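I set out to become acquainted with a structure that was new to me. These entries record what I looked up and what I found.

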Amino acid sequence: MADNATKSMDDIMALCKRRGFIFQASEIYGGINGFWDYGPLGAQLKKNLRDAWWTDVVMLGAGGQMGPDGKPVEIVPLDSCIIQNPKVWEASGHVGGFNDPMVTDKSTPDGRRFRADHLQGIYRYSDPLKRTTDTIDTAGGEPTLKMHSEVAIPNATVIASGPDEAVSLLESDKSLQKIVGIKSIGKTGYSEGYQFGVLVMADFGKGPEKALITTTNLALRFYPDLVPSPFTGKIGGLSEPRAFNLMNHTFTGAVFNEDNKVYLRPETAQGIFINFKNVVDSTRVALPFGIAQTGKAFRNEVTPRNFTFRSREFEQMEIEFFCHPDDSKAWYVFWRDWRMAWWQGIGLEGENLILREHDEGELAHYAKEGAGTSDIEYKFPFTAPGYGELEGIADRTDFDLKQHQEHSKKKMEYHDKTRGELAKNGQPKGEWYLPHVIEPSAGLDRGVLAILCEAYTPDPDRASGVYMKFHPRISPIKAAVFPLVKKDGMPEIAEPLFAELRKRFGHLGTIEYDEKQSIGKRYARMDEAGCPFCFTIDSETLTDQTVTVRDRDTLEQSRLAIDQVGDFLAGKLGV
RNA sequence: GCGGGCGUAGCUCAAUGGUAGAGCGUCAGCCUUCCAAGCUGAAUGUUGACGGUUCGAGUCCGUUCGCCCGCUCCA
């Protein structure tokens, strides 16, 4: 397996366009940032990957293996709408959470930006710099003015998701200490009742002194020009926090007004949660079970980048697996390990794929402390030597069902008839509870991109200079049939073979037929398209009814009876 | 949004302010007996768009659109 760090993303993108895998959306109008169209080969490749997921996840139930409870895994499908009632996104936290206010730092040469709520301030006790201001309290609904609140201005700042992370960053990074202007730092053993901050002993140059590390929300909001930059330490470069709406919206109905504003879903997951009761009531499913769906989702990414990796329109393949809270750990481990094995099984078996358990501190808003979260990550050429996420497996606990229960006022609890005290007749009385959810959430476009990158194999020894080493199950073209030359009765034998293969395997992918130009040129084209097998009718076929099988990866040629070609291909495709 | 780079044929690139070209690819015909062979021919451009300077603009100036890279992000 070639190291992806040596592969050129530009070359891969060029091949994708040249061979019809992926095109820039709206290309004839100059394109549109963050949107990509799939060409003939790409669309088939994407469908094959989606179908493989659907077959293995839904129809076979986690590939047909037993779950941690020793029973077959039950998954039912769903297809929910892209547009839902806007209240769905209020309940899920997306309307709030996806409007992250950002701050631009003009003291950096490139005008760096960061999330306002990720700026941690370091406040010296000996040197309190406070400004009096009026703040607006909107907590009670009607805005009320709170007079003369004091806003503390931090002496230094650092970017971290919380005070604890800020401390560990500062402890370990000497260059960061220099920017911030601290010679040493260490946590103190006591808290003095600060809930949202961490007390430290920090040396600003006059020996260790007491300081507090906490968020800078108010200071940034009212006095951004007094807050030191986390990148340069300079004062005066920070902008006010500004909201960037990461959800796309449109309007339903004939009138375009605020009342008719609706959102394009930023994830498919919520469509599953809001249909949880419907599925339970209409389908004879019992916990533990999962609901799965694939579909488009939309995010107004600030800067789409890296080909299709971060797009504004993308497709997800998500499972929400519901189980009893006591069983969530076991199911989390089960899904995490099986999903990793699945990606390996469709062609990402090399070292470019890793399973990474999240550190504490980078948990998503829905994931609880201590609950499992991990990523299946792929080393893309543009992330190498780092990795980019393909799929996230998260224990979402009962967060989502609870949110929807609160916002919708509809009971989301599940009645588990296998639990509870025993009644007089010896049967359990049943137990009501909110299930916990394990979510394996994969990016289909990212999967396609990873497969493209993995398959891309430069080979200076062959005519095309490169070939696409797709797993036969995923490959958009399954086989090609060639008459060696367009005469001597070879086309007359090749055409029926082509028809036979197409009838038998056409539902899985393309079967090619080509009799034009030299055989070498046809092989070279199939290499770039990633066709795993070529069957060539030659002069020997005329006498002994065997054909040449040309293997894409090994370039080996072997002979096979023409009436065995179908079974040979079936074996290779695993069908 | 800020900063930087770039827009000529499907691709890679030429063209001193003076008739828009080449190679590759694609297609057709001939030929070809296993890895982009050869021969003959064909199609393909409002030089991203709009405006200005000029006798004349792919080239100079302005505006605009789009793409790429960095910051941000996490399917």
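The entries below go from the whole chain to one helix and then to a pair of helices.

**Entry one: the chain.** I noted at the outset that this is a predicted model. I counted the elements of chain A and found 16 helices and 30 strands. I then looked up burial: of the 575 residues in chain A, 50% are buried. The exposed surface of chain A comes to about 27,300 Å², of which carbon and sulfur atoms supply 51%. Taking the contacts between residues at least 6 apart in sequence, I found that 62% join residues at least 24 apart.

**Entry two: helix 11.** I asked which residues of helix 11 (residues 399-408) are buried. They are Asp400, Leu401, Gln403 and His404. These residues lie on the same side of helix 11, because they cover an arc of only 160 degrees around its axis. I next looked for what covers them, and the cover includes helix 3 (87-92), helix 8 (269-273), helix 9 (276-282), strand 17 (313-323) and strand 20 (388-397). Just after helix 11, I found Lys409 with a positive phi of about 60 degrees.

**Entry three: helices 13 and 16.** I looked up how helix 13 (residues 490-505) meets helix 16 (residues 565-573): their axes come within 10 Å and cross at roughly 35 degrees. The crossing is right-handed. From helix 13, Leu497, Glu500, Leu501, Arg504 and Phe505 take part, and they meet Val565, Gly566, Asp567, Leu569, Ala570 and Leu573 of helix 16. I sorted the residues of this contact by type and recorded seven nonpolar, one polar and three charged.

How values were computed
Residues are numbered from 1 along each chain as its sequence is written. Chains are lettered from A and ligands numbered from 1 in the order in which they are written. This is a predicted model: local features need pLDDT of at least 70, side-chain atom pairs count only at pLDDT 80 or more; totals for chains, interfaces and linings use all residues. Side-chain values use heavy atoms; hydrogens and water are left out. Axes are lines fitted to C-alpha atoms, for helices over the stretch in contact, and angles run from 0 to 180 degrees between N-to-C directions. Helices (H or I, at least four residues) and strands (E, at least two) are DSSP runs, numbered from the N terminus. A crossing is left-handed if the near helix is turned anticlockwise from the far one by less than a right angle, and right-handed if clockwise. Contact means heavy atoms within 4.5 Å. Ala, Val, Leu, Ile, Met, Phe, Trp, Tyr, Cys and Pro count as nonpolar, Asp, Glu, Lys and Arg as charged, and the others, Gly among them, as polar. Buried means under 20% relative accessible area, exposed over 50%, partly exposed in between (1.4 Å probe, protein chains only). Accessible areas come from the Shrake-Rupley method with a 1.4 Å probe; for residues, only the protein chains shown count as cover. The arc is that of the directions from the helix axis to the C-beta atoms.
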